[in-house]
Amino acid sequence: MHVQEWLDTVPAAAVYAVVALVIGLESLGIPLPGEIVLVSAALMSSQHTGINPVVLGVCATAGAVIGDSIGYAIGRKGGRPLLAWLGAKFPRHFGEGHVATAERSFEKWGMWAVFFGRFVALLRIFAGPLAGVLHMPYWKFLIANVLGGICWAGGTTAVIYYVGVVAEDWLKRFSYVGLAAAVLIGLASMLVIKRRAKKAQAQRRDPEPEPVPAGD
């Protein structure tokens, strides 16, 4: 059963709640298909099913912002010990090199890493907790979180709503296409991060040789 077909079986109020909950849990750090659920619900709103696209966009934005904020709080409280625990349990994904690469990205891009992370599947899951672990000031995180949530949730709802009638047949298959694309993008992102992490570890293990005096 497609996501949209399942959403068709529940009342409009429940659709709002499901969208907010799934997106919130995804933003918290739990890998759930938040974008697929939002796209399916936005498509339904374009088909006169009693779902208001404005209310849907507000619920999706609220779920994104609240979920990211809870993820931030968990990361902030867990801190470095949380990363150390994850590194011990999952060294291939949360090793020192990966953490160092992520930390450099946050130091370089700051609020933009949180903002644009909302539009990337894997970053959407880890941006909140990672920002908390790295002690990004909450006011900066909140601004980027709110703006990213509004642009992503509101923008996705608006675009799908306005093209829903024209692209209805294609979007009904988007659940599987979008999931496959998200998996491929996620795998590619992980490979890039792992490669950069290995390079960073190699550079730390091989310090530059000391200069030889001219007389030697």
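A salt bridge here means a side-chain nitrogen of Lys or Arg within 4 Å of a carboxyl oxygen of Asp or Glu. With that in hand, a search of the whole structure turns up 1 salt bridge. Keep in mind as you look at it that this is a predicted model.

The partners are D68 and R118, whose side chains meet at 2.9 Å, N to O. This pair ties together distant parts of the chain, 50 residues apart: D68 belongs to helix α4 (residues 53–89), while R118 sits in the loop between α7 (111–117) and α8 (121–133). Are these two residues buried or exposed? D68 has a relative accessible area of 3%, so it is buried. R118 is buried as well, because its relative accessible area is also 3%.

Now step back to the overall fold. The protein chain has 11 helices and 0 strands, so if you read along the sequence you just get α-α-α-α-α-α-α-α-α-α-α. The chain has 216 residues, and 39% of them count as buried.

How far can you trust the picture? The protein chain averages a pLDDT of 77, and 68% of the residues score at least 70. Confidence is highest in helix α9 (residues 138–163), at a mean of 89, and lowest in helix α10 (residues 168–172), at 55. Where pLDDT is low, the predicted coordinates should not be read in detail.

Let's go through some places where the chain comes back to itself, starting at the N-terminal end. P11 is in the loop between α1 (3–7) and α2 (12–28). With a relative accessible area of 56%, P11 is exposed, because the cut-off for that label is over 50%. From P11 to G50 is 39 residues in sequence, yet the gap in space is 8.8 Å, C-alpha to C-alpha.

A bit further along, L25 lies in helix α2. Its relative accessible area is 28%, so L25 is partly exposed. Count 45 residues along the chain from L25 and you reach I70, with 9.5 Å separating the two C-alpha atoms.

Next comes S40, which you'll find in helix α3 (residues 34–45). S40 counts as buried, because its relative accessibility is 6% and the cut-off is under 20%. The C-alpha of S40 is 8.7 Å from that of I160, although the two positions lie 120 residues apart along the chain.

The loop between α8 and α9 deserves a stop too, since two residues there can be looked at side by side. M136 is in this loop, and so is H135. Which of them is buried, and which is partly exposed? M136 is buried, with a relative accessible area of 8%, whereas H135 is partly exposed at 47%. M136 also has a distant partner in sequence: Y72 is 64 residues away along the chain, but the C-alpha atoms are 9.2 Å apart in space.

H135 has a backbone feature to check as well. Most residues other than glycine have a negative phi. For H135, phi is near 60 degrees, a positive value in a residue that is not glycine.

Finally, turn to the surface. What residues form the nonpolar patch there? W109, W112, F116 and F119 do, and together they offer about 500 Å² of accessible area. One of them, F116, lies in helix α7. At 47% relative accessibility, F116 counts as partly exposed, so it clears the bar of over 30% that patch residues must meet.

There is also a positive surface patch, formed by R104, K108, R196 and K199. Which helices supply at least two of its residues each? They are α6 (96–109) and α11 (174–205). K199 is found in helix α11, and K199 is exposed, with a relative accessible area of 55%. If you colour the model by charge, those four residues are the ones to pick out for the positive patch.

Conventions
Residues are numbered from 1 along each chain as its sequence is written. This is a predicted model: local features need pLDDT of at least 70, side-chain atom pairs count only at pLDDT 80 or more; totals for chains, interfaces and linings use all residues. Side-chain values use heavy atoms; hydrogens and water are left out. Helices (H or I, at least four residues) and strands (E, at least two) are DSSP runs, numbered from the N terminus. Buried means under 20% relative accessible area, exposed over 50%, partly exposed in between (1.4 Å probe, protein chains only). pLDDT is the predictor's confidence in each residue, from 0 to 100. Patches are made of residues with over 30% relative accessible area and no salt bridge: like charges are joined within 9 Å, nonpolar side chains (Val, Leu, Ile, Met, Phe, Trp, Tyr) within 5 Å. Accessible areas come from the Shrake-Rupley method with a 1.4 Å probe; for residues, only the protein chains shown count as cover. Lys and Arg count as positive and Asp and Glu as negative; His and the chain ends are not counted. The place of a charge is taken as NZ of Lys, CZ of Arg, CG of Asp or CD of Glu.
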